[in-house]
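Open the model in your viewer and keep the selection box handy. We'll go from stop to stop, picking out a piece each time and looking at what is there.

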Amino acid sequence: MLWKMVEWGWYWFCYFSMSGKSSYHTIILYERASCLRRNEFLPQKWDAVYCDALMNNYFVIYNPRGTGGVIILDADALSLLHLCDGKTTIDRMSDKLQIDKDIISNAITKLARIDLIKVEDSNETKSIAKKIDCWLHLTNDCNLKCSYCYIDKSKTSMSIHTAKNAIEIITNTAREHGYTEIQLRFSGGEPLLRFSLLCDIIEYTKGKYSEFIWRYVILTNGTLIDDNIAHYIKEKKIGVSISLDGTEEYNTCRQDIMGNSSFDKVICGIETLQKHGTKAGIMTTVSEHNLYGLPALTKFFIMRGMTFRFSLEKNIVTGNTSLFRNLSEVNRIMTECINIMNSFIDSGMANFHFKFGDIVFNHPSKRVCGAGNNSFAIGHLGELGLCGMGLIYPLSTINEISDLWELRQKGDNNICMFSVEQVEACSNCIWRYCCANGCPMQNQATNHNLVGLSPYCFVYKSILPQYIKMLGKKMLVESKALINEKLDNL
């Protein structure tokens with residue numbers, strides 16, 4: 001029996017097989033101590049579980065109400081899952097499948113662990129670490145002049161005094177609401193223009209507020225990364241997200257202030273980070289400017305084993321984006337990109353990681369972000385918003401409140417409390433706890449209410465099944481490689 005679960009931060013992968021050697025038990029990461037007893041309950045699978053066939057008698061499974069993520073089952077394990085109807089005992093399952101009762105019991109324990117069957121008699125509760133996530137907008141200045149940027153550029157930046165006041169209100173909020181971990185996302189403008197301030201903030205938080213677990217992420221265009229910056233990033237274990245919208249031909253909207261392409265400098269920054277042992281995540285905003293360049297960009301990322309994310313354009317000012325004019329083309333191009341991923345996987349090149357927008361599979365999402373709950377943004381002058389985009393319309397300043405949750409009363413509390421369960425049109429959709437109807441601020445701007453369908457609903461419904469199947473194929477290739485490696489070591 002083999003079961004594998006790996007976390008890469010963006011999604012969970014599980015692989016579960018009813019066949020295999022007992023020596024493979026060494027790679028089982030979790031097993032409930034109180035194994036489900038054969039005659040004490042009737043196992044029942046979850047309703048509305050997504051299933052699709054892969055190659056070689058394997059199947060990809062996804063339970064939108066569970067925490068198991070994308071899962072691979074072989075034919076025997078899938079047969080066992082189908083028998084979990086709430087009526088059939090484990091003894092009866094053993095007779096039907098001609099498999100030992102202890103193996104069946106152990107298998108059901110694991111199916112329960114990955115949330116494919118319900119275990120109503122379990123008192124187990126999942127402990128979720130409480131984290132507050134705050135954007136720190138270090139500067140309005142930038143060394144690029146991207147044509148689509150929504151920030152009104154200026155030379156003004158955050159002072160160390162403002163930074164310390166921002167940290168104080170963040171830590172006050174964390175204490176008040178029981179957060180044990182704080183993540184700071186350094187943004188701009190271009191935050192590396194204020195690299196010394198960034199370093200000062202990190203040292204200040206770790207020194208004065210050591211009671212918290214601190215995480216740091218830099219959101220950068222990557223053009224300023226040199227050996228000194230890369231060394232510091234590695235030393236302090238800082239995450240890095242770099243914006244790159246296309247290969248050179250499709251990156252023309254991201255020019256420096258002299259009108260020159262930024263592409264080569266971005267790639268140099270990525271390679272400098274890699275040289276120092278840091279792998280950046282690449283963020284690509286999909287718009288009409290780069291849509292037709294995504295297939296070439298997908299190949300570029302995969303051939304370099306990169307971690308990348310395609311996010312559909314947002315505009316909370318007018319409510320309209322360039323993509324709305326032709327969503328069928330968005331769907332066609334995204335399908336082409338996933339087909340490219342599949343072709344690389346089929347050839348054995350699966351060492352890339354891809355994320356589509358804010359989609360998550362490892363837990364049911366009632367909303368795509370924590371804006372106004374555990375996520376906030378602080379501008380370079382101390383202005384406050386519910387998220388980075390929300391700083392366009394600041395709700396208050398760090399001098400006016402002492403708890404970030406007070407922003408709920410100053411802004412639109414409906415956005416803070418939004419849940420996809422409020423959207424009637426999503427009520428029967430299998431994907432509603434996966435896409436969560438997209439960005440609530442975008443929907444508010446587009447529909448003038450929060451309960452209308454996301455303008456990208458058509459794209460989500462079309463792409464998500466393809467996305468899940470691609471992840472399943474990728475996991476299967478990687479799992480077989482791991483099995484072969486373990487066999488070689490026996």
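**First stop: a covered strand**

Select residues 70-74, strand β6: five of its five residues are buried, so the strand is largely enclosed by the rest of the structure. Buried here means under 20% relative accessible area, exposed means over 50%, and partly exposed is in between (1.4 Å probe, protein chains only). Helices (H or I, at least four residues) and strands (E, at least two) are DSSP runs, numbered from the N terminus.

Colour the two faces of β6 separately: Val 70, Ile 72 and Asp 74 lie on one side, Ile 71 and Leu 73 on the other, and all are buried. In a regular strand the side chains alternate between the two faces of the sheet. Now add residues 58-62, strand β5, which runs antiparallel to β6 and is joined to it by five bridges. Show Tyr 58 too, and you'll find its bridge partner in β6, Asp 74.

**Before going on**

This is a predicted model, in which local features need pLDDT of at least 70 and side-chain atom pairs count only at pLDDT 80 or more, while totals for chains, interfaces and linings use all residues. Residues are numbered from 1 along each chain as its sequence is written, and side-chain values use heavy atoms, with hydrogens and water left out.

Zoom out for a moment. The chain has 14 helices and 17 strands, and 56% of its 490 residues count as buried. Contact means heavy atoms within 4.5 Å. Among contacts between residues at least 6 apart in sequence, 72% join residues at least 24 apart.

**Second stop: two crossing helices**

Pick residues 90-97 (α2) and 101-113 (α3): their axes come within 9 Å and cross at roughly 115°. Axes are lines fitted to C-alpha atoms, for helices over the stretch in contact, and angles run from 0 to 180 degrees between N-to-C directions. The crossing of α2 and α3 is right-handed; that is, the near helix is turned clockwise from the far one by less than a right angle, whereas anticlockwise would be left-handed. To see the contact, show Ile 90, Asp 91, Met 93, Ser 94 and Leu 97 of α2 with Lys 101, Ile 104, Ser 105 and Ile 108 of α3. That contact of α2 with α3 divides into five nonpolar, two polar and two charged residues. Ala, Val, Leu, Ile, Met, Phe, Trp, Tyr, Cys and Pro count as nonpolar, Asp, Glu, Lys and Arg as charged, and the others, Gly among them, as polar.

**Third stop: the open sheet**

Switch to a cartoon view and trace 10 strands in an open sheet with mixed pairing, in the order β14-β13-β12-β11-β10-β9-β8-β15-β16-β17. Two strands pair if DSSP finds at least two bridges between them. The edges are β14 (353-356) and β17 (396-397), each of which pairs on one side only.

Look next at β8 (131-137) and β15 (375-378), which run parallel and are joined by four bridges. Cys 134 has Phe 376 in β15 as its bridge partner.

Which residues does Ser 241 touch? Leaving out residues up to four places away in sequence, they are Val 217, Ile 218, Leu 219, Thr 220, Gly 281 and Met 283. Ser 241 sits in strand β11 (239-243) and is buried, with a relative accessible area of 16%.

Move on to β12 and β13, a parallel pair with six bridges. Thr 285 stands opposite Ser 311 in β13, and five of the six residues of β13 are buried.

**Fourth stop: a loop residue**

Select Asp 358, in the loop between β14 and β15. Asp 358 is partly exposed, at 26% relative accessibility. Arg 309 is 49 residues from Asp 358 in sequence, yet their C-alpha atoms are 9.1 Å apart in space.

**Last stop: two positive phi angles**

Is Asn 437 buried or exposed? At 2% relative accessibility, Asn 437 counts as buried. Its phi is near 65°, a positive value in a residue other than glycine. His 448 also has phi near 65°, but His 448 counts as exposed, at 69% relative accessibility. You'll find His 448 in the loop between α13 and α14 (457-489).
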